Every structure is written in structure tokens, then in C-alpha cells.
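Work through these exercises with the sequence and the 3D view open. Try each task before you read its solution.

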Amino acid sequence: MTKRRGYAVLSALVALVVVVCAAIYVTVATDDGTPGGGFAGGRPHHDSSVAPASTGTWVGAWATAPTGGEPGTETQGLAGRSVRNVVHASTGGTSARITLSNLYGQSPLTITHASLALSAGDGTAAADAETMRRLTFNGSTSVVIPAGGQVLSDAVRLAIAHGTDVLVTTYSPTPSGPVTYHPHARQLSYVAQGDRTEDATGTPYTEQTPYWRYLTALDVLSNEATGTVVVFGDSITDGITSTVGANHRWTDVLSGRLRTAVENGDALPRYGIVNEGISGNQVLADGLGRPAENQSGLGRFGRDALSRTDVKVVVIDLGINDILRNPKLADPNRIADGLRTLVRQAHARGLKVVGATLMPFKAHRGWTPAREAVRQQVNAQIRAGRVYDAVVDFDKSLRDPYDPRRLRPEYDSGDHLHPSDLGFAKMGEVFDLNALKGAGQAEL
């Protein structure tokens, strides 16, 4: 090769490099930074349902227990309507996924459109439009959930801060019932006619509902939490008398305390907290139907507690309904044995179990001296360390010092069984956060 020809080749290579670099610069300069799940022309990108590889731990940010089939939906379900559930994230993350349940459905449930977004504000169906994400299931925007089944969505990339309200919306075009629901949400959700799944304005959502429908879990890929605490209980855990929309359940208070303590540098585990309370739930007895509505604690523990995402600790506050709802006098040993069965199942998974004493209920219409004696006997076994790995003594903390058989007046919602907001706050405050450390005992 002559020297002149060599210079020509070198010049051509230099020119090619300049062109390539210029093209790269133009591409970067015109990229507006919109993530794959963002909007282009007001619609999500096609890859909005795919979360990129990321670091962190999948944990539970919110969950609820499917309770039964919604009355009035036995035939049509919610065909032709969009259901927008509002849920509150106990911990934050960079990606999210949901679980939908058709546990109480009698036929397959077809979901053709689902979305996830951050709420635009308290008490509204409006979404932050920039956060709207279309959900997919194994890559498809449609999914058929068989009767009795559930489905986990694909992950979507979305920054969710702890304490954020998240909107999860589903649309089903065809009849399918009954609708699997959780009736005592203590949170308003919304319904719209037609497919309004990705509507960010909230305007079509003219119907309010006190239920959560289909949705049973919101998980996040988190860098701030390393596991999940499942709180398993009845109406007291469900927060049935707490202020609607205020997140004043005792589990909400506990979640806030744990997060604050960790942020202040306390040597405590970093956990998301999910609420698996069902109003009226008992340790031993199922409700009616097949599958049983309000299934017993023994029957639902595997589904609602042990199967939650990366569960580390289970907190149990259960047993008062076994005393109140038993047409005969309940056997305290059977109740305690049922609770010990739950603990053994948790221990088999290496989980720690923190249990609560049963709170007083004198002056409630179901109270009798004989039932009070049963409560005292169950509590005696719990306090003696013969049931749980660790104990939170809600009875001692909320009872009236002048009559320990009843709730202290300021902690009483008025029905003499369920706490007021102040009572729920007290429950969350007296819980020893150090009880969340460590694993379960080998045996009790």
C-alpha cells in the first residue's frame, strides 16, 4: 500500500468515527428520559409492563385477605365495569406487581385490561398521569383466572414511596361471579362504567365502594425493606372501627413506627407490613359455603400468611371470636391449641411468631362472666410463653384500670369490643419493635 493510499484509508476511518459519534449524540440529545413504562402521545409504551433488571428484594407493601363472594354479583360479577382499588403502600420500591384472586368465583374471570398508578391525592380516583402503567400477565394484557385461582402480574417499573396511595384498576368485559372481595377495607375505592382502566382524570369513576375487589396483594422491589411482616387477625386487625381513608389501623401505626425507628438508626429489621385481618375471623371455625367464606385461621394461614412474599415474621391477634361466636362455651385449651398449630406451621418455615393477648370486651352484647373466664384462661397461656415466641400484651395496655374486664373508655370505639382510633394508636405504640428481631423457636 502506498503512503498516499494509506492516508486516504485513515481519513475514511476517522470520518466514519465522527459520523457514528454524531449519531449517538443526536440520539441521546433527543431522548426525553421517559421510562419504558411512561407515556408517548398520552398512551403507555408497549414495554410499560416489563420491569428492567434491578437490585433489591421483593417484599409485601400491601395485602388483604379474600373474605367471600360479594352479594349481588353471583351472576354478572362486574362485567363491563372498571374497578379501581385504592391501597396504601407500607414500604417503597422501584418496581411493582400485583396478585388478583378469583377464589370465590364460580366461573373463570377474564381480565382484559389492568393498570397501576400512583394516586393524584387523598380521597380521589384520579391518578398521577405520568405514573400510569399498563399491567401484563406472562406478557399478555389479558388473563383468565380460573374459579378458585389467582394470578401474579408481571412487574412494572415505577418508583413507589412508602406511605403512598396506589391505584390498581381492572376491567372485565364478560360476566363472572361472585366477585372475590374484602368487605371492610376502611378505604374508599371506585367503579366506572366501561373500560376506563387507564383514565387518569378519575372523572368516570362516579361510584364509590367500601370494598377491595379481586386485588389481594401489592409487592414492590425494595431497597428499603428486606422482608415482610404479616399481621394475621380478626376485625381488630382489620381496623373495622378506624376512620375511613385515614390509615389508622394499628398495623398502619406499627408500620410508621418501624420505619421511623430504622430511619433514626435503630438496629431493627427493615420490613414491609401487610394486614391479613378478616372481620369475624376465628381460629377454629369456618364460615358457610364452599369454599368457606371467612375461612378459619387454621384453614387460611397457609394462603394468607405463609405464602406472602418473603415473609419473615407473623404477628397473630386472633381468638376473641372463638369465644364470642361459639353458641356453646368455648374451650380455652382448644383455642390455645389452634394457635399453637399456627405457630408450628410458621416454625416449619423458619418464621418467628409474635402473638397478642385477647383484649377485654365487658359491656359488649356478647359478654358473659363465663366467656370472660375463657378469655382469661387463653391469656394466661399466652402470657406464660406457652403459645408464641414473643408476646404483645394488648389486654394490659388497653384495659380500664378501674375495671380490667372492659376497655379503657378513651380506647373504646363505643361498642365495647373494637378500639377507637386512639385505641388503635395505642396498640401500635406498645408493640415492642425488638420483638420483630430473630427467628422462631424450635419448639414451645
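**Exercise 1.** Which residues does Phe431 touch, not counting residues up to four places away in sequence?

*Solution.* First, some ground rules. This is a predicted model: local features need pLDDT of at least 70, side-chain atom pairs count only at pLDDT 80 or more, and totals for chains, interfaces and linings use all residues. Residues are numbered from 1 along each chain as its sequence is written, and side-chain values use heavy atoms, with hydrogens and water left out.

Step 1. Find Phe431 in the segment after helix H9 (421–430). Helices (H or I, at least four residues) and strands (E, at least two) are DSSP runs, numbered from the N terminus.

Step 2. List the contacts, meaning heavy atoms within 4.5 Å. Phe431 touches Trp250, Leu254, Arg257, Val315, Val354, Val392 and Leu436.

Step 3. Check the exposure. The relative accessible area of Phe431 is 1%. Phe431 therefore counts as buried (under 20% relative accessible area; exposed is over 50%, partly exposed in between; 1.4 Å probe, protein chains only).

Step 4. Look along the chain. Phe394 is 37 residues away from Phe431 in sequence, and their C-alpha atoms are separated by 8.4 Å.

**Exercise 2.** Which residues of H9 are buried, and what does their cover include?

*Solution.* Step 1. Pick out Gly423, Phe424, Ala425, Met427 and Gly428; these are the buried residues of H9.

Step 2. Find the cover. It includes helix H2 (235–238), helix H3 (250–263), strand E21 (311–317) and helix H8 (394–398).

**Exercise 3.** Describe how helix H6 packs against helix H4 and against helix H7.

*Solution.* Two packed helices are described by the angle between their axes and the distance between the axes. Axes are lines fitted to C-alpha atoms, for helices over the stretch in contact, and angles run from 0 to 180 degrees between N-to-C directions.

Step 1. Take H4 (residues 297–306) and H6 (residues 332–348). Their angle is about 30°, and their axes are 10 Å apart. H4 and H6 are therefore roughly parallel (under 35 degrees; over 145 is roughly antiparallel, 65 to 115 roughly perpendicular, the rest oblique).

Step 2. Name the contact residues. H4 gives Gly297, Leu298, Phe301 and Leu306, while H6 gives Gly338, Thr341, Leu342, Gln345 and Ala346.

Step 3. Repeat with H7 (residues 369–383). H6 and H7 pack at about 40°, with axes 9 Å apart. So H6 and H7 are oblique to each other.

Step 4. Name this contact too. Pro332, Asn333, Ile335, Ala336 and Arg340 in H6 meet Val374, Gln377, Val378 and Gln381 in H7.

**Exercise 4.** Which peptide bond ending at Pro178 and which ending at Pro291 is cis?

*Solution.* Step 1. Gly177 and Pro178 are joined by a cis peptide bond with omega about -10°. Pro178 sits in the loop between strand E13 (165–172) and strand E14 (180–182).

Step 2. The bond from Arg290 to Pro291 is cis, with omega near 0°. Pro291 lies in the loop between strand E20 (271–277) and H4.

**Exercise 5.** Is Asn138 buried or exposed? Is Asn294 buried or exposed?

*Solution.* Step 1. Asn138 lies in the loop between strand E9 (133–134) and strand E10 (143–145). Its phi is near 55°, a positive value in a residue other than glycine. Asn138 has 75% relative accessibility, so it counts as exposed.

Step 2. Asn294 is in the loop between E20 and H4, with a positive phi near 50°. Asn294 has 16% relative accessibility, so it counts as buried.
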